[in-house]
Amino acid sequence: MFEGTLVIQPGAVVVFEGLDRTGKSTQLSRLRDALVPESAVFAHMPRGFGRFTERVYAALEGETVDEKPSSGLAQQLAHLACHAESITHLTETAASSGLVLDRWWWSTLAYGWYGGSVEQSRLSEAGFLELIDTIWSPIVPSVVFVFLEPHQLDSNNNEGVEAGYRALIEQHPDLAVVVHSDTEHAVHALVVETLLKRGLASSGQEQ
């Protein structure tokens, strides 16, 4: 469907969010293949664009316990440090082309606060939200595709994280599109159809 002919509109910010092992990476790859390459920039948060963010992300995803922060707050602050480092590049990109984000601040809140790791610290929810908003306020998404049905078990997923995502969906009903488990082709079709209907993308065949 629209292989290599889909164009993300300049200024459109498309976000893929949700639980781990739900097919986000597969769908991001499908979308990338469907796009005219120069129409959008893809970014993974917190990996970002530079050496610093890549190295921090690698540490956070370390295979052994001693490679990762033992504090949940430290982990989320490391994520936010990477977000802060990338925000200028993201803002400049969104001003001139399409932007596709693999995770946004919803992950930070869902896994960090609702998942319980930050709540155990002395930082309040209001303080955590203020910090997140200070970093992310320049980026205004056009749509957030939320994946909540894992295909495999993953230790990072828990009821609190899912509840966090559902709370965010309720708070932003016009922004969020819940992606239910289906075939890879059907989910890709949903993503493309949503982008076209919302005027966030067009087929190159229509240019």
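Let me begin with the term I will lean on most this morning: a salt bridge here is a side-chain nitrogen of Lys or Arg within 4 Å of a carboxyl oxygen of Asp or Glu. Please keep in mind throughout that what we are looking at is a predicted model.

With that definition in hand, a search of the whole structure finds five salt bridges, and I would like to walk you through some of them. In one of them, glutamate 162 pairs with arginine 166, and the closest N and O atoms are 3.0 Å apart, which falls within the 4 Å limit. Both residues belong to helix 6, which covers residues 159-171, and because they are four residues apart there, about one helical turn separates glutamate 162 from arginine 166. As for their surroundings, glutamate 162 is partly exposed, with a relative accessible area of 26%, and arginine 166 is also partly exposed, with a value of 39%.

Salt bridges that share partners also join Glu17, Asp20 and Arg103 into one network. Within this network, the side chains of aspartate 20 and arginine 103 meet at 2.6 Å, N to O. This pair links distant parts of the chain, since aspartate 20 sits in the loop between strand 2 (13-18) and helix 1 (24-34), while arginine 103 sits in the loop between strand 4 (98-102) and helix 4, 83 residues apart. Are these two residues, aspartate 20 and arginine 103, buried or exposed? Both aspartate 20 and arginine 103 are buried.

Another pair that links distant parts of the chain is arginine 30 in helix 1 with glutamate 184 in helix 7 (residues 184-197), and these two are 154 residues apart. Their salt bridge has its closest N and O atoms 3.1 Å apart. Arginine 30 has a relative accessible area of 19% and is therefore buried, the cut-off for that class being under 20%, whereas glutamate 184, at 41% relative accessibility, counts as partly exposed.

Let me turn, finally, to a pair of helices. Helix 3 (residues 72-96) and helix 4 (residues 105-114) pack with their axes 10 Å apart and at an angle of about 170°, which makes helix 3 roughly antiparallel to helix 4. The crossing of helix 3 past helix 4 is left-handed. Which residues of helix 3 and helix 4 meet? From helix 3 come Gln76, Leu80 and His83, and from helix 4 come Thr108, Tyr111 and Gly112. By class, this contact of helix 3 with helix 4 has two nonpolar and four polar residues, and no charged residues.

Terms used
Residues are numbered from 1 along each chain as its sequence is written. This is a predicted model: local features need pLDDT of at least 70, side-chain atom pairs count only at pLDDT 80 or more; totals for chains, interfaces and linings use all residues. Side-chain values use heavy atoms; hydrogens and water are left out. Axes are lines fitted to C-alpha atoms, for helices over the stretch in contact, and angles run from 0 to 180 degrees between N-to-C directions. Angles under 35 degrees count as roughly parallel, over 145 as roughly antiparallel, 65 to 115 as roughly perpendicular and the rest as oblique. A crossing is left-handed if the near helix is turned anticlockwise from the far one by less than a right angle, and right-handed if clockwise. Contact means heavy atoms within 4.5 Å. Ala, Val, Leu, Ile, Met, Phe, Trp, Tyr, Cys and Pro count as nonpolar, Asp, Glu, Lys and Arg as charged, and the others, Gly among them, as polar. Buried means under 20% relative accessible area, exposed over 50%, partly exposed in between (1.4 Å probe, protein chains only).
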